[in-house]
Amino acid sequence: MTKNSNDNEHEFISFEPNQNTKIRFEDADEDEVAEGSGVAGEEAAQDESMFDAGESADTADVTDDTTSADYYFDSYSHFGIHEEMLKDVVRTKTYQNVIYQNKFLIKDKIVLDVGAGTGILSLFCAKAGAAHVYAVECSQMADMAKEIVKANGFSDVITVLKGKIEEIELPTPKVDVIISEWMGYFLLFENMLDSVLYARDKWLVDGGVVLPDKASLHLTAIEDSEYKEDKIEFWNSVYGFDMSCIKKKAMMEPLVDTVDQNQIVTDSRLLKTMDISKMSSGDASFTAPFKLVAQRNDYIHALVAYFDVSFTMCHKLLGFSTGPKSRATHWKQTVLYLEDVLTICEGETITGTMSVSPNKKNPRDIDIKLSYSLNGQHCKISRTQHYKMR
């Protein structure tokens, strides 16, 4: 698997099969991020002051009764993961443009930032004229966010609240806007969406705005013999020993990586669209059919999932894609390797269904069930595989 060539930075997509509305993908220029925010560069260099705050992520208290949820929040205590997200200019610049170019959504409004991290979205909102911003962050990064807010002169506008959104109390009964960067790998990994929906139901005024308000999950198929050989078939013979029992485990774990668009063999199909302003928590579990049509004669080694996000309340519809044909993001794509190598001819179809649900023991993990069939000239197969994102 090779790195994305980023040939198509300007791409237009629709979020519904019959929807004519298109998303305009914004240029995400790194220099503009640095100049536009005046904050991102400072936030990405917080490593020294992090440890002056009294406790680093590496030395945070971890008790014997630490749960998987605790580990999740602890992982966001370290500055490194926030540096990666801030340097994802597709992600950060889109949010900045949404806020700065649509100040009518933010100005004089009370804003709730769910999972605020370093507070970058809260800072954007404050600069855009928000009446007040409540930045909720459960990890140790909340302490850094308070310092960042103070250092940038927004302590009177931004209140940082440390704790889980489901457990904290806001100093205000309602908010006008909820903003969050909740998306995980495969869109739903880490299940932060539930926290956004909880906040929406508890605090958002009638007619309030959720940013972003639409997200969609898509599927395509790729040729990936070289990488599959390296990551999966490797276990068949390790220094002459059979370790194929690990291969079975490796097959069940989706791989998060960047797919080169030249690997794509079929068209892409929409699996699921989510309206964050209206959906319920249970809607994140679903079973969706798909039909992928081969665009050339080739072999298929894996299916690839990616997601798109849109902000439909803006003056001009804004959003971004994490697909292989778009500019790379830190989310990359999610690769699900198939047990069989499919030989497919142009015009032939892979049909099937994909079922997605939170893991029962740890709802931040995802269980995926994939059923697929190919009835082609050179290959006839029908199989069901299970995957676990951990």
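Two strands pair if DSSP finds at least two bridges between them. Helices (H or I, at least four residues) and strands (E, at least two) are DSSP runs, numbered from the N terminus. The model is predicted: local features need pLDDT of at least 70, side-chain atom pairs count only at pLDDT 80 or more, and totals for chains, interfaces and linings use all residues. Residues are numbered from 1 along each chain as its sequence is written, and side-chain values use heavy atoms, with hydrogens and water left out.

**Exercise 1. Work out how strand β3 fits into its sheet.**

Step 1. Start with the neighbour: β3 (residues 132-137) is joined to β4 by five bridges, and the two run parallel. Along this pair, Glu137 stands opposite Lys162 in β4.

Step 2. Now widen the view. The open sheet has five strands in the order β4-β3-β2-β5-β6, with parallel pairing. Its edge strands, β4 and β6 (204-211), each pair on one side only. From one strand to the next, the twist averages 20°.

Step 3. Add the helix. Helix α7 (residues 120-127) packs on the sheet and touches β2 (110-114), β3, β4 and β5 (contact means heavy atoms within 4.5 Å). The direction of α7 makes about 180° with that of β3; axes are lines fitted to C-alpha atoms, for helices over the stretch in contact, and angles run from 0 to 180 degrees between N-to-C directions.

**Exercise 2. Describe how α5 and α6 are arranged.**

Step 1. Two packed helices are described by the angle between their axes and the distance between the axes. Here, the axes of α5 (residues 79-87) and α6 (residues 89-100) come within 5 Å and cross at roughly 65°.

Step 2. Classify the angle. Under 35 degrees counts as roughly parallel, over 145 as roughly antiparallel, 65 to 115 as roughly perpendicular and the rest as oblique. The helices α5 and α6 are therefore roughly perpendicular to each other.

Step 3. List the contact residues: Met85, Leu86 and Lys87 in α5 meet Val89, Arg91 and Thr92 in α6. They divide into three nonpolar, one polar and two charged.

**Exercise 3. Trace the salt bridges of Glu169 and Arg383.**

Step 1. Fix the criterion: a salt bridge is a side-chain nitrogen of Lys or Arg within 4 Å of a carboxyl oxygen of Asp or Glu. The whole structure holds 12 salt bridges.

Step 2. Glu169 bridges to Lys202, with the closest N and O atoms 3.7 Å apart. Glu169 lies in the loop between β4 (158-162) and β5 (175-180) and Lys202 in helix α9 (residues 193-203), so the pair ties together parts that are 33 residues apart in sequence. For accessibility, buried means under 20% relative accessible area, exposed over 50%, and partly exposed in between (1.4 Å probe, protein chains only). Glu169 is exposed at 60%, and Lys202 is partly exposed at 31%.

Step 3. Arg383 and Asp340 meet at 2.5 Å, N to O. Arg383 sits in strand β16 (residues 380-389) and Asp340 in strand β13 (residues 333-344), so this bridge ties together parts 43 residues apart in sequence. Arg383 is partly exposed at 29%, whereas Asp340 is buried at 17%. Shared partners join Glu339, Asp340 and Arg383 into one salt-bridge network.

**Exercise 4. Characterise the hairpin of β11 and β12.**

Step 1. Six residues lie between the two strands of the hairpin. Four bridges join β11 (residues 298-311) to β12, antiparallel, and Ser310 stands opposite Gly319 in β12.

Step 2. Leu318 and Phe320 point one way from β12 (residues 318-321), Gly319 and Ser321 the other way, and all are buried.

Notes: Ala, Val, Leu, Ile, Met, Phe, Trp, Tyr, Cys and Pro count as nonpolar, Asp, Glu, Lys and Arg as charged, and the others, Gly among them, as polar.
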